[in-house]
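Please keep the sequence and the model side by side while reading, and turn the model as each part is named. The paragraphs below go from one part to the next, giving the reasons where they can be given.

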Amino acid sequence: MDHIVRPYRPGEEAYIADAQGRVCSEEHRWGPASIDYAMKVALDHAARPKDDREEMWAAEADGKPIGCIMLCRPEGSPDAGQLRLFLAEEDSRRCGIGRSLTSALLQKAREAGYRRPILWTASPLTGTVRPHEALGAREAEEGEDREWNLEDRPLYEIKMVMTLS
């Protein structure tokens, strides 16, 4: 699938927030706490003054957004950089979109001086874990969460850390 990755445009934070909520709800059966969290991250990013060490990107095909990713600076970790809101629409997966989004993020992370990018993900999201392991990310921490899953089963939040040269 032909696509481009570019910085998000004002107004697309609504797509990003909606896509995150839709995918969390429909594909993972996560409840309002996870949906509200993802939506808040996207909308807060758009409302904040711009920081040259942060960016949110959209993947686009045929003029419409089909995925997203965000790099932000976590508090108290000047060299970390955090990957957030990584998503490819279901009908756009396995076409290199995730690779393109991650590539844009890692390039920006290097330019911003981040040496240890982190990704917080969750146990059901194996499609996120495996590609980042292939890039050298390793699990650094794991914690149980019972708030996000509607099926009253725990899911495990996983912190993955990568070292950039």
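What follows is a walk through this predicted model, taking helices, charged pairs, a proline and the cysteines in turn.

A good place to begin is the pair of helices α1, which covers residues 12-28, and α2, which covers residues 32-47. These two helices pack at an angle of about 165 degrees, and their axes lie 8 Å apart. Because angles over 145 degrees count as roughly antiparallel, α1 and α2 are described as roughly antiparallel to each other. Their crossing is right-handed. On the α1 side the residues that meet the other helix are Glu13, Ile16, Ala17, Gln20, Gly21, Cys24 and Ser25, and on the α2 side they are Ser34, Ile35, Ala38, Met39, Ala42, Leu43 and Ala46.

The charged side chains come next. Side chains of opposite charge can pair when their charged atoms come close. A search of the whole structure finds 8 salt bridges, and a few of them can be followed one by one. Within helix α1, the side chains of aspartate 18 and arginine 22 meet in a salt bridge, with N and O 3.8 Å apart. These two residues are 4 residues apart in the helix, and they are therefore separated by about one helical turn. Aspartate 18 is partly exposed, with a relative accessible area of 43%, and arginine 22 is likewise partly exposed, at 26%.

Another salt bridge joins arginine 48 to glutamate 54, where the closest N and O atoms are 2.9 Å apart. Is each partner of this bridge buried or partly exposed? Arginine 48 counts as partly exposed at 32% relative accessibility, whereas glutamate 54, at 10%, counts as buried. A further bridge is formed by the side chains of aspartate 51 and arginine 73, at 2.2 Å from N to O. This pair links distant parts of the chain, since aspartate 51 lies in the loop between α2 and β2 (55-61) and arginine 73 lies in the loop between β3 (64-72) and β4 (82-88), 22 residues apart. Aspartate 51 is buried, with a relative accessible area of 18%, while arginine 73 is partly exposed, with 38%. Salt bridges also link Arg6, Arg9, Glu12 and Glu60 in a network.

From the charged residues the path leads to proline 7, which is found in strand β1, residues 4-7. Proline 7 is partly exposed, with a relative accessible area of 42%. Leaving aside residues up to four places away in sequence, proline 7 touches Glu55, Met56, Trp57 and Ala58. By contrast with these contacts, the C-alpha atoms of proline 7 and serine 77, which are 70 residues apart along the chain, are separated by 23 Å.

The last stop is the cysteines. How many disulfides does the model contain? The count comes to 0 disulfides. A disulfide would need a pair of cysteine sulfur atoms within 2.5 Å, and for the sulfur of cysteine 95 the closest cysteine sulfur, in cysteine 68, is 16 Å away, which is too far for a bond. As for their surroundings, cysteine 68 counts as buried at 0% relative accessibility, whereas cysteine 95 is partly exposed, with a relative accessible area of 29%.

Key: Residues numbered from 1 in each chain as written. Predicted model: local features only at pLDDT ≥ 70, side-chain atom pairs only at ≥ 80, totals over all residues. Heavy atoms only, no water. Buried < 20%, exposed > 50% of the residue type's maximum accessible area, 1.4 Å probe, protein only. Salt bridge = Lys/Arg side-chain N within 4 Å of Asp/Glu carboxyl O. Axes fitted to C-alpha atoms, helices over the stretch in contact; angles between N-to-C directions. Parallel < 35°, antiparallel > 145°, perpendicular 65-115°, else oblique. Left-handed = near helix turned anticlockwise from the far one by under 90°. Contact = heavy atoms within 4.5 Å.
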